[in-house]
Number of protein chains: 4
Amino acid sequence: MPDATKHILLMDGPDSKGLIYHVTGVLYRHNLNIIHNDEYVSPSGHFFMRTEFEGTFESDALLTELNSTLPNAEGITFRLNPKRKKNIVVMVTKEHHCLGELLIRYAFDELDADILAVVSNYNVLQPLVSKFGIPFHYVSHEGRSREEHEEAILRTLAIYEPEYLVLAKYMRVLTPDFVNNFPNRIVNIHHSFLPAFVGANPYRQAYERGVKIIGATAHFVNNDLDEGPIIAQNVQEVDHRHTAADMATKGKDVEKIVLSQALKLVFSDRVFISGNRAIVL
Amino acid sequence: MPDATKHILLMDGPDSKGLIYHVTGVLYRHNLNIIHNDEYVSPSGHFFMRTEFEGTFESDALLTELNSTLPNAEGITFRLNPKRKKNIVVMVTKEHHCLGELLIRYAFDELDADILAVVSNYNVLQPLVSKFGIPFHYVSHEGRSREEHEEAILRTLAIYEPEYLVLAKYMRVLTPDFVNNFPNRIVNIHHSFLPAFVGANPYRQAYERGVKIIGATAHFVNNDLDEGPIIAQNVQEVDHRHTAADMATKGKDVEKIVLSQALKLVFSDRVFISGNRAIVL
Amino acid sequence: MPDATKHILLMDGPDSKGLIYHVTGVLYRHNLNIIHNDEYVSPSGHFFMRTEFEGTFESDALLTELNSTLPNAEGITFRLNPKRKKNIVVMVTKEHHCLGELLIRYAFDELDADILAVVSNYNVLQPLVSKFGIPFHYVSHEGRSREEHEEAILRTLAIYEPEYLVLAKYMRVLTPDFVNNFPNRIVNIHHSFLPAFVGANPYRQAYERGVKIIGATAHFVNNDLDEGPIIAQNVQEVDHRHTAADMATKGKDVEKIVLSQALKLVFSDRVFISGNRAIVL
Amino acid sequence: MPDATKHILLMDGPDSKGLIYHVTGVLYRHNLNIIHNDEYVSPSGHFFMRTEFEGTFESDALLTELNSTLPNAEGITFRLNPKRKKNIVVMVTKEHHCLGELLIRYAFDELDADILAVVSNYNVLQPLVSKFGIPFHYVSHEGRSREEHEEAILRTLAIYEPEYLVLAKYMRVLTPDFVNNFPNRIVNIHHSFLPAFVGANPYRQAYERGVKIIGATAHFVNNDLDEGPIIAQNVQEVDHRHTAADMATKGKDVEKIVLSQALKLVFSDRVFISGNRAIVL
């Protein structure tokens, strides 16, 4: 079945001579037009390429030819995605600033994603979500073990089968078991300039250390809450007059913008994961 | 005569299908290894590509094959540069901050260029230049018409045949006749965030307008002093407590860093010029 | 009638010896506690002071004593404001990003202001506003002269008697007659780093000039749309790959944050206006 | 003996009502003119004030009156400094970028300090220092215990009796015994955005963590090399294409500017130290 829209080809694997030549040759012979092409070779010799192209083709045939065209295709991975919106679920606790940002963007079709539902361990953000006509699932952790709580969340998520989970200030640590359900598919916003101030109360820590700049970090969640490949970071100046609360207020503006910018990169298939690093092409 | 080091291939022209494929194919058949490859297609359909590669080859043969390999080579330009330091002359007036920055970098081999000489219409910076053992040419404009002054400068420059002229706070306007001697080869640092505050005394203008951010702009000089493609810009926050003099002091830090960063881009053959825009690959 | 909460004393006038001493003396004798005190003396010798204090006092008596305590009070102005939320009306055209930001902040009591109503010359943002239960007034300019349109807006505003008008991407030029109704009480967000790119389509202008940084400016409106004292500015990096549309998208994030930050300063009585400059204490 | 130039009064202690009033009253009665006055009260109730003033007075008498004028002077400290350049010694290891910056600024009288000497545990920077006619002391650590080495440095420093030591990329840890000789008088530049990447090779650590922003921190040295009150910080964007070496190159620009800006604050008596925080007025 031929596709007619824009597509994105993601390729990565061990670097060798002629990779760009061979891959662009396949597209050329299929009469496909490259709109953007970006490559990166890591210092350890791993090759990454993102090719955005347009034209009509048959997916399976194209992938087969890509795999067979390389003199040495061992370890090379190809992924071929239509350029389209992703399906996501947003998880929150009590803070509204990141969620509000995502809802406004979604309402005006600026998110490159459809928000299928919002899941929270508190119900305080239900009124905000309901303004936008999106399902809100209140899954309290009260009286449940961590495992029971995560099971309940997973049952809710199973309804929606999201491609990505966005932790928009979800303030509970997720277990590795939970995270393993969504490998490289959970994006978190952390309220510090990681790796500074890992853990709880980063603005309190920042105040006590007397820093002159605060920041926020959007990253994939793999093992624990503050690790995982960093997608985007940004910062804002503060001074000694800022209390920890002032820093938190100012930091929220950074958090929501950084999260939105990271999601834009992820949802447009620009982010490769390589060990603990994110390659953004 | 074969070359043995790293090289940079610059290509630009009308976009068409297969450009990347055909060019990388030539390099592949010559057994040359691509280290970095960056392309850009402008909204108007102009294709730019910078390919950094290594290996041994014969320049003329490679260029001939590149030109003949394209189905439609009309309007396509290839340039093939060895990766090496550029020869430059720096022009200054009285301010030392940009010149000092360049001299320190040059003294420690961080400039990607050799400073052949410094030319100035005043002699106040001669002591600084002499510390670094570089020829200093004092070419006063006193008692000379603009044309006579520029003629005198051109005679001095003819000794050195620089590839680039760097205007490191050279505060006189150059005539089109002078500029035409160095097409796309003069880099200027302007002490404002262009196009804000074109012309004289930009910090005074910035103070009077009450701006909250000041900046600096490194750009090619083509027609007049404050126009030409922008290579790099940066900014710094100010507030109402900054006098025009304070802004100038703070701005100098931005100016010298922006100029250095722009020169790094230019000297590594990363900058294409397209009309009044600089494409930095 | 005694007040019991926090207050802000704003003072400005010609500088002379002892101003701080005399004013803080009055507060000391009234047993009022200074929380923050900020002063600024301009290069031309104008003194500005903002004193935030707490305690119980009688306003008229305090102001009388302040005026009589200075050896030379000529030209000195005192303003005494309780620390409280301002009443505002927001004016918009079709773009939602700044309005959405203000609505979310207002919904969670983070705006330091009450949004009494939203007025627009189009009705496209009515659905967004209605989510938040705020009156929306659609005052079309179709079939009306500029004066008739502004008259209609003024009639609507008369219902609410706002202390401040916020132009959150209101894209029509206001006449001096209109502006004179709200001296120093209209805040506009301009989608460029003023004074660069005054006028229409600043992102198109920025693209064509090939700038490497774009910005936004929040300012008071006095005479025409792009002049007036600048309250806050911020910027974001771009490169040649950004089309004018990409710059606009990226710029919107800057615009909404800059507008919010400027409003926070204005609504907390931190901004003095001095000619065409804003003094932010 | 009366002084005739500008002076700076630094005051700090427990907050109480009337502090500004009483202190400015003393200056008023002495007919001294306040140029700038800045205060800050910490959340824990500690009051800081920096008063820059001009006029003629007798120092001892002024300090006596200041101490006696307060209803409760217990715990209040006054310091009265003439506004003048500081005497400093710069310590370096092998990297030139911060030292070069300081030397150029010093050569053009922009440092607010006199560099009495440069001390290094290597001799590689001697040629640079000698260009500027400043004594260079090579005090090798080879074949010496840490204590012996520090003793040798202290003997050298004793010649100059500097008011401040500037560690401009001095790469050895100083012992508490050494540091105790210069309480709150040692300024260090650390090549990371502290507290991220404490310790050795921060750019290597930053690369491996895949951060998108790097930074530098200027701080007082109290106990160990990477702690102590932070005076200034700044950052620069990086991406996955930056190797650890690229990050170091880019970071050096930030380091030297941050160090210079921090020194400007310290040398103009703007920095109070409060526990582990720097209050910059």
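Q: Which side chains does a polar contact of 3.1 Å join in chain D?

A: The model is a predicted one. In it, the side chains of Glu255(D) and Lys169(D) are joined by a polar contact of 3.1 Å.

Q: Where does Glu255(D) lie, and is this residue buried or exposed?

A: To place a residue, one names its secondary-structure element and then its accessibility. Glu255(D) belongs to helix H8 of chain D, which covers residues 244–267. Its relative accessible area is 1%, and because buried means under 20%, Glu255(D) counts as buried.

Q: Which residues is Glu255(D) in contact with, leaving aside its neighbours within four places in sequence?

A: A contact list shows which parts of the chain meet at a residue. For Glu255(D), the list holds His97(D), Cys98(D), Lys169(D), Ile189(D), His191(D), Tyr203(D) and Ala216(D). Lys169(D) is thus both a contact of Glu255(D) and its partner in the polar contact.

Q: What can be said of Ala262(D), which lies in helix H8 of chain D?

A: Ala262(D), in helix H8 of chain D, has a relative accessible area of 0% and is therefore buried. Its contacts, not counting residues up to four places away in sequence, are Ala218(D), Ile231(D) and Ala232(D). Distance in sequence and distance in space are separate readings: Ala262(D) and Asn188(D) are 74 residues apart in sequence, and their C-alpha atoms are 9.6 Å apart in space.

Q: How many disulfides does a search of the whole structure find?

A: A disulfide is a covalent bond between the sulfur atoms of two cysteines. Over all chains, the search finds zero disulfides. Cys98(C), for example, is in no disulfide, and the nearest cysteine sulfur, in Cys98(A), is 18 Å away. Cys98(C) is also buried, with a relative accessible area of 0%.

Q: Why does the sulfur of Cys98(D) form no bond with the closest cysteine sulfur, in Cys98(B)?

A: The two sulfur atoms are 18 Å apart, which is too far for a bond; a disulfide needs sulfur atoms within 2.5 Å. With a relative accessibility of 1%, Cys98(D) counts as buried. Cys98(D) has already appeared among the contacts of Glu255(D).

Q: How should one read the pairing of strand E1 of chain D with strand E3 of chain D?

A: One reads the direction of the two strands, the number of bridges and the residues that face each other. E1(D), residues 6–14, pairs with E3(D), residues 46–54, in the antiparallel sense, over nine bridges. Within this pair, Leu10(D) stands opposite Arg50(D).

Q: How many bridges join E1(D) to strand E4 of chain D?

A: There are six bridges, and E1(D) and E4(D), residues 77–82, run antiparallel. Here Met11(D) stands opposite Phe78(D). E1(D) is itself mostly covered, with seven of its nine residues buried.

Q: What does the UniProt record place at Asp226(A), and where does this residue lie?

A: A record's annotation may be set beside the computed surroundings. The unreviewed UniProt entry places the feature "active site" at Asp226(A). Asp226(A) lies in the loop between strands E10 (213–220) and E11 (230–237) of chain A. Its relative accessibility is 8%, so Asp226(A) counts as buried. Not counting residues up to four places away in sequence, Asp226(A) touches His190(A), Leu194(A), Val198(A), Gly199(A) and His219(A), together with Arg209(D) from chain D.

Q: Which side chain makes a polar contact with the side chain of Thr175(A)?

A: The partner is the side chain of Glu150(A), at 2.4 Å. Thr175(A) is placed in the loop between strand E8 (164–167) and helix H6 (176–179) of chain A. Thr175(A) is buried, with a relative accessible area of 14%. Beyond residues up to four places away in sequence, Thr175(A) touches Arg146(A), Glu147(A) and Glu150(A).

Q: How many helices and strands are there in chain A?

A: Chain A has eight helices and 13 strands. Its radius of gyration is 21 Å, close to the 19 Å that the globule rule gives for 281 residues, so chain A is as compact as a globular protein of that length. Of its 281 residues, 58% count as buried.

Q: Where does UniProt place the feature "domain: ACT" in chain A?

A: The unreviewed entry places this feature at residues 8–87 of chain A. That span is 28% helix and 41% strand, and its end C-alpha atoms lie 17 Å apart.

Notes:
Residues are numbered from 1 along each chain as its sequence is written. Chains are lettered from A and ligands numbered from 1 in the order in which they are written. This is a predicted model: local features need pLDDT of at least 70, side-chain atom pairs count only at pLDDT 80 or more; totals for chains, interfaces and linings use all residues. Side-chain values use heavy atoms; hydrogens and water are left out. UniProt positions are given in the numbering used here, feature names are shortened, and annotations may be inferred rather than shown by experiment. Helices (H or I, at least four residues) and strands (E, at least two) are DSSP runs, numbered from the N terminus. Buried means under 20% relative accessible area, exposed over 50%, partly exposed in between (1.4 Å probe, protein chains only). Contact means heavy atoms within 4.5 Å. Two strands pair if DSSP finds at least two bridges between them. A polar contact is a pair of N or O atoms within 3.5 Å; within protein, one must be able to donate a hydrogen and the other to accept it, and residues adjacent in sequence count only if both atoms are side-chain atoms. The radius of gyration is taken over C-alpha atoms; the globule rule is 2.2 Å times the number of residues to the power 0.38.
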